[in-house]
Every structure is written in structure tokens, then in C-alpha cells.
Amino acid sequence: LRWATFLAHLDAASVAPPRPPPALPPPLPVDRALVGAASLPDPVAAGRWAAALLQRWGEISEEEGLRRAGAADRTSPTALGNNGPVGNSSRLSPYLRWGVISPRQAYHAGVRKRDLLWRDWSRVCYRLVGPLRRGEPVLPLLDGCCNRRRSDGPDDDGPDDDALFEAWCLGRTGAPAVDGAMAELWATGWMSRRDRLRVAACLVEGLGLDWRRGRDWFAHTLVDHDPAINELMWQNAGFCGVDTFYRGLAWWEADGDGGGGGGDDGAGPVGMSEMVRDREHVAPDYERLVAEAIARRATLRARGVYRAAKTVANSGVRIGWENTNGTTMAKNAV
């Protein structure tokens, strides 16, 4: 399995137009007594965070999804798009995730094909590679290779793992681009794909924390959470997945537009309770954070971690499947 090969084959293929919607079946008889007794849950019951988050999305409809697809930004300055820009302003992914519109509709409305193929690639890998479905590392020998205790040795004078993780979740790492993206995630349940890669690199390569922490936080906060996409992205960020294509990102550098988008006023994630918001968090300053990240990368490079990740990305991961007679078709199967 290799993303570049998958993309090369399918990016050149034609895409059929969307199929017309099927005819609806006749309506079922309605039990008036049951309808009168039922009621939708009060959005406030989900808490201030969920209520504010859902209100920010406004109308959820097929028409709105197609409008967003037609307005997809194809001129983003980021270079994370595999030989092309990545549109990140349409916020279309929840509409695709929950089937409000189809990928075919999105493509014919103007969304770039490679941005849609990434979703298919994730699901192909999730279907074929058992460890992904089980939440286990595809490459166990590289699992934890970026963890700071293992790479840098004990550091009793610095913040512990839990404090660093809390600072990352709350957008208080000291890196403006990362903190803005994490605040946006809390306020809206969404962030652009480039920012997801950026904050993942910060957590794993920068702070030296386990990739599973980030995977589980994204599963808790993303409105477009997809188990296949989330698992694949975070295992790749942890250097133990199918294809570590985006290894070594300079996560501390903001783009020309100021980075991650942030919350409403930069004061912190919107909807956070006062108890959490006013707590004192241990977070390294920006210069120290960058210096430690660069030093850690030098350590990882010396140990051959980046070389191993590059080998996986260039050669792909071999998988095995059972033939009709029950024998395995590939050696060294995952």
C-alpha cells in the first residue's frame, strides 16, 4: 500500500456524474400517540460547548453542502497538497462524512479530486490492514519512536506528559499556528487538513507525546470524525502507520495567513468552562519549544527514525489476504 501509487492510478481516472436520487418509498403509517410522546433532546443538555459548536454550523442541507463544494478554495498558498494547493476554506468534510452530499457531487461541483481520493485511500487501508481497525500500530517496531522519554531521556525539571498534553488540547503550547488551530477545533469541531497535520506533528515530534492521545482527542472533538481517516492520519504522524508521507513538517511555522484560524478573539477556546479556562497550565515558551523540537529531530535523525519512515513511504506496506483455499497470498503480511 502506497499513497503516491494509489493517487497516480486514480487521479487520472474519469469520474461518473452523480446518480439521480432513488424514488422514495411510500410513507409508513404514523402512530400519533407515539409522535406526541417523543421529543428531540434539548441541545443545551449537551453542554455549552456542544450547543455553541452546533450553532456555528448553521444550516445543514444538501443545498448548503453543494454551495460549499462550489466555493472550495483552490488557491491556498500551502504546499502540503502533493504537487498542488489544498483548499481549506469550504469546511465541506462534515457534509461528506455524514452523507449529506456524495464525493461525486463534490467533485462535479468543483472540489479537487485528490482531496476526495484521500478519503478513499484511508478507507481502503482501513479495510485491508487489520491493525488499523483494531487501533494497533501497523509497524510496531516504530511505535513510540518519537516519545520524548525514549528519545531524550528523563527530564524531571520540565512539565510532565499530562501537562504537555493538556496544553496542546487547550491551545497553549506557545506556537501560534498550533494554538490557533486547537482553539478552532474546540470552538467549531473542525480544522483544515493542513492544520490537522501541523498539530499532529507538534504533539508527536514536537512535544514527544504518544500519537494515541491525539487520535482520541480528535475522536472526541471533531464533528467530521471518521475512524478510518483519523486512525490512518495519527498512525502516520506516529511513524508507525501505512505511509508517513508528511513526516518532518515545520509545525511551528505559521502560514502567510497567520496559521490555524483560531477562536473568536484569541482569548481561548470558545465555550470552555471558567474552571478549565482559569486553571494554570504548564506550557513551554515558543523559543524553548522550537529549540527542543529541533534538538529532538536531530536525535531522531541520528537514530535512523526518519530514514526508516522514508523507506516505508517509498516502498509501501505489504499486506496479505486469504485465497479461496485459505492460504495467505503475500509473505510478511501485516
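These questions and answers concern a predicted model, with attention to helix 1 and helix 7.

Visitor: How many helices and how many strands does the protein chain have?
Guide: The model is predicted. Its protein chain has zero strands, and the number of helices is 17.

Visitor: What share of the 334 residues in the protein chain is buried?
Guide: A residue is buried when its relative accessible area is under 20%. In this chain of 334 residues, the buried share is 47%.

Visitor: Are helix 1 and helix 7 parallel, perpendicular or oblique to each other?
Guide: Helix 1 covers residues 3-11 and helix 7 covers residues 113-128; their axes lie 10 Å apart, at an angle of about 125°. Angles of 65 to 115 degrees count as roughly perpendicular and those over 145 as roughly antiparallel. The two helices are therefore oblique.

Visitor: Which class has no residues in the contact of helix 1 with helix 7?
Guide: Helix 1 contributes W3, F6, L7, L10 and D11, while helix 7 contributes residues including K113, L117, W118 and W121. By class, eight of the contact residues are nonpolar and four are charged. The class with none is polar.

Visitor: What distance should helix 7 span, given its 16 residues?
Guide: The estimate uses 1.5 Å a residue, taken times one less than the number of residues. The end C-alpha atoms of helix 7 are 22 Å apart, which agrees with the expected span of 22 Å.

Visitor: Which helices are included in what covers the buried residues of helix 7?
Guide: The buried residues of helix 7 include L116, W118 and C125. Their cover includes helix 1, helix 5, helix 6, helix 8, helix 12 and helix 14.

Conventions:
Residues numbered from 1 in each chain as written. Predicted model: local features only at pLDDT ≥ 70, side-chain atom pairs only at ≥ 80, totals over all residues. Heavy atoms only, no water. Axes fitted to C-alpha atoms, helices over the stretch in contact; angles between N-to-C directions. Helix = DSSP H or I, 4+ residues; strand = E, 2+ residues; numbered from the N terminus. Parallel < 35°, antiparallel > 145°, perpendicular 65-115°, else oblique. Contact = heavy atoms within 4.5 Å. Nonpolar A, V, L, I, M, F, W, Y, C, P; charged D, E, K, R; others polar. Buried < 20%, exposed > 50% of the residue type's maximum accessible area, 1.4 Å probe, protein only.
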